Amino acid sequence: MNNNLFVETLKLRQKMNILKAMKGEIMILRKFKPSEKTKKQLGLPDDFKYIVIYNPKTKKLFCDCMGYITHGYCKHTKYFEVIIKELKKIK
Ligand SMILES: [Zn+2]
């Protein structure tokens with residue numbers, strides 16, 4: 001895929017996710033800065049950040065990063081998975 005198209009697709013998806021968050025359908029948990037290397041490789045804009053979201057209905061986590069897009073999981077979603085597991089223990 002053309003890099004520009006890839007970046008535009010990512011940005012569009014983020015906008016849709018922000019809209020969903022405004023409607024209360026999902027929660028934006030955190031934004032992560034991509035590494036300089038990744039930014040260069042993918043041609044991401046300088047201010048680009050990955051957004052980690054949580055869908056309370058499906059209880060699933062999503063991320064914008066290449067790891068998640070490629071494998072369906074990543075260190076960012078893993079980070080919150082661990083926290084959610086610990087919170088469940090307290091309940
Ligand atoms: Zn990620």
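Let me start with Val52 and what surrounds it. Setting aside its neighbours within four places in sequence, Val52 is in contact with Leu29, Arg30, Phe32, Leu61, Cys63, His76, Thr77 and Phe80. Bear in mind that this is a predicted model.

Where does Val52 sit? It is found in strand β2. Is Val52 buried or exposed? Val52 has 22 other C-beta atoms within 10 Å, so it is buried, the cut-off being 20 or more. One further distance for this residue: Ile69 lies 17 residues away from Val52 in sequence, and the two C-alpha atoms are 12 Å apart in space.

Next, the core. Val52 belongs to the largest nonpolar core, which has 10 residues. The others in that core are Ile26, Tyr50, Ile51, Ile53, Leu61, Phe62, Cys63, Cys65 and Cys74. Two elements give two or more residues to this core, namely β2, residues 50-55, and β3, residues 60-62. Which of the elements gives the largest share? That is β2, with four residues.

Tyr50 is another member of the core. Again leaving aside neighbours within four places in sequence, Tyr50 is in contact with Lys31, Phe32, Pro34, Cys63, Asp64, Cys65 and His76. If you compare the two contact lists, Phe32, Cys63 and His76 appear in the list for Tyr50 and also in the list for Val52.

Now the strand pairing around β2. On one side of the account is β1, residues 27-32, which is joined to β2 by five bridges, and these strands run antiparallel. As an example from that pair, Met27 has Tyr54 in β2 as its bridge partner.

Then there is β3. How many bridges join β2 to β3? There are three, and this pair is antiparallel. Within the pair, Ile53 stands opposite Phe62 in β3. Ile53 and Phe62 are both in the core list I gave earlier.

That leaves the turn. β2 and β3 form a hairpin, with four residues between them. Lys59 is found in this loop between β2 and β3. Its phi is positive, about 60°, although Lys59 is not a glycine. Is Lys59 buried or exposed? Lys59 has 8 other C-beta atoms within 10 Å, so it is exposed, the cut-off here being 12 or fewer.

To put the two residues side by side: Val52 in strand β2 is buried, whereas Lys59 in the loop after that strand is exposed.

Methods:
Residues numbered from 1 in each chain as written. Predicted model: local features only at pLDDT ≥ 70, side-chain atom pairs only at ≥ 80, totals over all residues. Core = buried A, V, L, I, M, F, W, Y, C linked by C-beta atoms within 7 Å. Contact = placed C-beta atoms within 7 Å. Pairing = 2+ DSSP bridges.
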